[in-house]
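Q: Got a minute to walk through this one with me? I'd like a quick tour before I set anything up.

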Amino acid sequence: MSKLASLEKIVMEFGAIRALDGVSIDINRGEVLGLMGDNGAGKSTLVKTIAGNFQPTSGRYVFEDQEVRLSGPADARRHGIEVVYQDLALCNNLTAAANVFLGREPMRQVGPFRVLDKKLMNTRSAEIFQELKSETRPADLVDRMSGGQRQAVAIARTRLSNSKLVLMDEPTAAISVRQVAEVLALIRRMKEQGLSVILISHRMPDVFDVCDRVVVMRRGRKVADKRIDQSSPEEVTGLITGAIQAA
Amino acid sequence: MSQSNAPDMNVDLLKRHDRSLLRRLMLTQEMWIAIAIVVLGLAVSMISGKFATSGNLMNVLQNACFIGLMALGMTPVLISGGIDISVGSILGLSGVTLGILLNAGAPLPVGIFGTLFVGLVFGGLNGAVITLAKLPPFIVTLATLSIGRSLALVVSDNQVFYEFGTATESILALGGGYTLGVPNVVYALVVFVIVLHCLLTMTRWGRYIFAIGGNESAARLAGISVDAIKISAYAFSGLMAAVSAIFLVGWLGAVTNAIGTGYELQTIASTVIGGASLTGGFGTALGAAIGAILIEVIRNALLIAGVNPFWQGTFVGGFILAAVLLERIRSLRR
C-alpha cells in the first residue's frame, strides 16, 4: 500500500492546553483507518488538523509527498481532502441534489443570464447515488430522508471532486441498526474506489467491521496503531480507558 | 453532458415529480391564500355591491402593492433566517430623501436614484451590523427602526413636502397614474415578483439564501460567503422599501416624516401569510405578493361590510396565526 499522507510529531496547543502531543500517523491509499478514543482524547482536534480547520503548533503534515500547511477547509478540498461532518452539515430545506452541489453549482447560459443547471445536478447526483448503491432520490428534500440516506448525500458531496481522503466523524452515531449497515457499505464502496477513509467512531463493531487499521488516542497521544486483525475489541477498549497503557 | 449514462431507475424517479403537479399546487400556501381571497371576495360581494366594482378592486390592488413591494424585499431576509423590522423607517427615510431632492429642484431620475441609494445603503448597513457584530437581526433592526425614523425627522426638519419642482407632474403620474387602465405600481409589483422569483429559484444567490436559512453552518462549511449573502439580502430589503417609497410618494402627492410608520408589521404579516417561514428556509416571491393582497382585501372587506375599522388588526392577526398553523399542518403531512 502506498502512502497518501503522513503526520509527523504533530503538536496542537490552545493556550496552555496541549490537545495533540506529538502525534505521528501514516495514511495509506485505499485504506480505512479507524480512529478511536474517549471524549477529549484529541480525535476531533486531530481530524480538524487533517481537514485544515486548525494549523498545528508544530510538526510536519505531508500530503502526496509534499509538506502542506492548509489554510482552511477550502484549501484542504483543493488537495482532495473532504470531511463528512458528524451533524452531516446538510440543509434540510433543500433537495438531495442541491445539497450534493452546495457551493459548487454548475451553471448554464440562458440568453444573457447564467442560471443553475438543475438538470445536470439531478442526473449527476443520481449517478453518484447509483454508484454508492443508495436509494436516495436527487429531487427529494433532505428533510424527509432517513439517516442512511442523509449519510449518502453527505458522502456524495465528497464524490463530486477528485477526493483522495475522506474524513468521517461519527457517521453511525445517531442512526438505526439497519442504517448503520447501509453506511458501512458506503464506506466499503469508497475503499473499493481507491479512496482513503478515516473513520472516527465510538462504536467498536463498526470499526472492527470496516477498518483495516485502528489508531487509539488518549490524552492527546497516540497509544496504539495496529492492523485490525492483530487487535481485538477488548484490547482497544483497554487502550481507550487506559487499562492498557500502550500497544 | 453525461445524460446517456443516467441510470433508468433514477430518471424514472425524477419524472414522478411532474405527474403530481396538481397535487403539489394544492399543497402550496399561495394556492390556499388565493382561494381565501376569492372566497372572501365572494362573501363580501354578497353583502355589498360596492366591493366588486372595478374601481374598488383596482384601489385594493394598488394599496396592496406598496406593502407587496416591501414584502418582496422581506422574503429573502426571512428565508435566510433573519427579519427586518426597520423597513417602515427605511421607507420613511428614503421617502423624505425623495421629497427633499425633488423639492430642491432635482430632476426625477436623480431623485429616484438618491432614494434607492438611501434604501440600499440603509439596508446594507443593517446587514453589515447583523453579520459583522453577530447581533440578532430583530434587535439590530429594532434599533435601526428607531434610528431611521429619527433621521427622517432630522433631515426633513419636520416639514411636509408637497412641492416637487419640475418633477411634480412626473412623480405624481408615476405613483398615482394608470397605464392601460391598471395602476403603474401594479406593473412594478408584477415585474419585481418575476425578478425575485427568478433570483430565488435560478441563481446561486437564491440557492445560498435558502441554504443559509436551512443550515447556516453547513452553508459556511460548503464555502459560501454567508456574510456577503446576508448583507445583500438586507440591502435588497432596504432597496425594495425605497422602491415602495417612490410609488407611495407619487400616489400621496406629499411626504410627511411619518410615512410608512407601522408598515413593517403588515409587511412581515404578508410575507408570512404567503408561506415564508419565520424560522427561515422557506418562502416565495409570489407568496409575499399574494399575502399582501389578502391583507388588503381583508381590510377593504371589513370597511365595506361596515365593521368598525378598529377590528382590522384582530382579523389580520388571526390570518397570521392561521397561516402559521396551516404551514405546521402541511409540514406534518409531508
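**Strand S6 and its partner**

Q: In S6(A), which residue of S9(A) is the bridge partner of Val83(A)?
A: Leu167(A) is the bridge partner of Val83(A). One caveat: this is a predicted model, where local features need pLDDT of at least 70, side-chain atom pairs count only at pLDDT 80 or more, and totals for chains, interfaces and linings use all residues. Residues are numbered from 1 along each chain as its sequence is written, while chains are lettered from A and ligands numbered from 1 in the order in which they are written.

Q: In which sense do S6(A) and S9(A) pair?
A: Parallel, over 4 bridges; pairing takes at least two DSSP bridges between two strands. S9(A) covers residues 165-169. Strands are DSSP runs of E, at least two residues, and helices are runs of H or I, at least four, numbered from the N terminus.

Q: Are the faces of S6(A) covered or open?
A: Both are covered: Ile81(A) and Val83(A) on one side, Glu82(A) and Val84(A) on the other, are all buried. Buried is 20 or more other C-beta atoms within 10 Å of the residue's own, with C-beta atoms placed from the backbone (exposed is 12 or fewer, partly exposed in between).

Q: Switching to chain B: how many helices and strands?
A: 15 helices and 2 strands.

Q: And what box do its C-alpha atoms fill?
A: Roughly 70 × 55 × 35 Å for chain B, along the principal axes.

Q: How much of chain B is buried?
A: 46% of its 334 residues.
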